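Thanks for making the time this morning. I would like to walk through one model with you, slowly, and I will try to keep what I say to what can be read from the coordinates.

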Amino acid sequence: MGNWEKVNLALRILSFASLVVSIIFSLTSTSGNNCDNNNNNYFPFDFDVKIKLNFKDFYAYRYTLSVNAIGTVYSFIQFVLAIVGMKSDDDKSSDALVKANPYLDQVMAILLGTGAAAGFGLTLDLKHLRCGSTITRSFLNKMTVASVFCAGGFGFTAASSFVSLKIYEEEMDVCC
């Protein structure tokens, strides 16, 4: 196992860990405050309304969570395949994987980048709403942290794409 393979394995582990943390923050963030109509005249109710929000109530956060789940599965599969590839001597399966990895990593990095951007964008928009008691700051802060870790997964996967390309170039130089 060369140095590039070790770097790639480390990047995949970091990507996996980052995406798992992002999923945990997404699933545990809720907003459960009352919206008091006496202090806030933006709602057409004559009484206090209890509103409980979580990530499922916003399409962008659901998209971010879905992308995180896909990225977590992808990172785990790539991690397992890298470990199996180190232990086995089957050159045909590892050659196919070496050829496909840079492209698969690029697709996954783009997906994770869009997920992080969706999470950041919605959080920024929600922070500017006038009824701050409905959507609590702690909920928005947790979703910001989830988006940050999704962006971290994007960065690690993008870096892994470049390392995979370097491994592919070295494999082609050796075999041809």
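I will begin with the overall layout, then turn to a pair of helices, a salt bridge and a few single residues.

What you have in front of you is a predicted model, and its chain contains four helices and four strands. If you follow the sequence from its start, the order of these elements is α-β-β-β-β-α-α-α. The chain has 176 residues, and 34% of them count as buried.

Let me take helix α1, which covers residues 3–28, and helix α2, which covers residues 59–87. Packed helices in general are described by the angle between their axes and by the distance between those axes. Here the axes of α1 and α2 come within 9 Å and cross at roughly 150°. Because angles over 145 degrees are counted that way, α1 is roughly antiparallel to α2. As for the hand of the crossing, α1 passes α2 in a left-handed manner, and the residues that make up this contact divide into 15 nonpolar, eight polar and one charged.

How do the end-to-end distances of these two helices compare with what is expected at 1.5 Å a residue? For α1, with its 26 residues, the first and last C-alpha atoms are 38 Å apart, close to the expected 38 Å. For α2, the 29 residues should span 42 Å at 1.5 Å a residue, and the end C-alpha atoms are indeed 42 Å apart, so the two values agree.

Now to burial along these helices, where the spacing deserves a moment. An α-helix has 3.6 residues a turn, so residues three or four places apart point the same way. With that in mind, the buried residues of α1 are N8, L9, L11, R12, S15, S18, L19, S22, I23 and S26. In α2, the buried residues include Y61, T64, L65, N68, G71, T72, S75 and Q78, and V67 and Y74 are buried there as well.

One of the buried residues of α1, R12, brings me to the charged pairs, and a search of the whole structure finds one salt bridge. Which residue does R12 pair with? The partner is D105, and the closest N and O atoms of the two are 2.9 Å apart. Since R12 lies in α1 and D105 in helix α3, residues 91–127, the pair ties together parts that are 93 residues apart in sequence. Both R12 and D105 are buried, which I would ask you to keep in view when you look at the side chains.

Not every residue of α1 is buried, and two of them also have C-alpha separations that I want to mention. A10 sits in α1 and, at 37% relative accessibility, counts as partly exposed; its C-alpha atom is 9.2 Å from that of F156, although the two residues are 146 apart along the chain. I24 is also found in α1 and is partly exposed, with a relative accessible area of 47%. The C-alpha atoms of I24 and A146 are separated by 7.9 Å, with their positions 122 residues apart along the chain.

Finally, is S147, in helix α4, residues 137–175, buried or exposed? S147 is buried, with a relative accessible area of 1%, and its C-alpha atom lies 9.8 Å from that of L112, a residue 35 places away along the chain.

Key
Residues are numbered from 1 along each chain as its sequence is written. This is a predicted model: local features need pLDDT of at least 70, side-chain atom pairs count only at pLDDT 80 or more; totals for chains, interfaces and linings use all residues. Side-chain values use heavy atoms; hydrogens and water are left out. Axes are lines fitted to C-alpha atoms, for helices over the stretch in contact, and angles run from 0 to 180 degrees between N-to-C directions. Angles under 35 degrees count as roughly parallel, over 145 as roughly antiparallel, 65 to 115 as roughly perpendicular and the rest as oblique. A crossing is left-handed if the near helix is turned anticlockwise from the far one by less than a right angle, and right-handed if clockwise. Ala, Val, Leu, Ile, Met, Phe, Trp, Tyr, Cys and Pro count as nonpolar, Asp, Glu, Lys and Arg as charged, and the others, Gly among them, as polar. The expected span of a helix is 1.5 Å times one less than its number of residues. Buried means under 20% relative accessible area, exposed over 50%, partly exposed in between (1.4 Å probe, protein chains only). A salt bridge is a side-chain nitrogen of Lys or Arg within 4 Å of a carboxyl oxygen of Asp or Glu.
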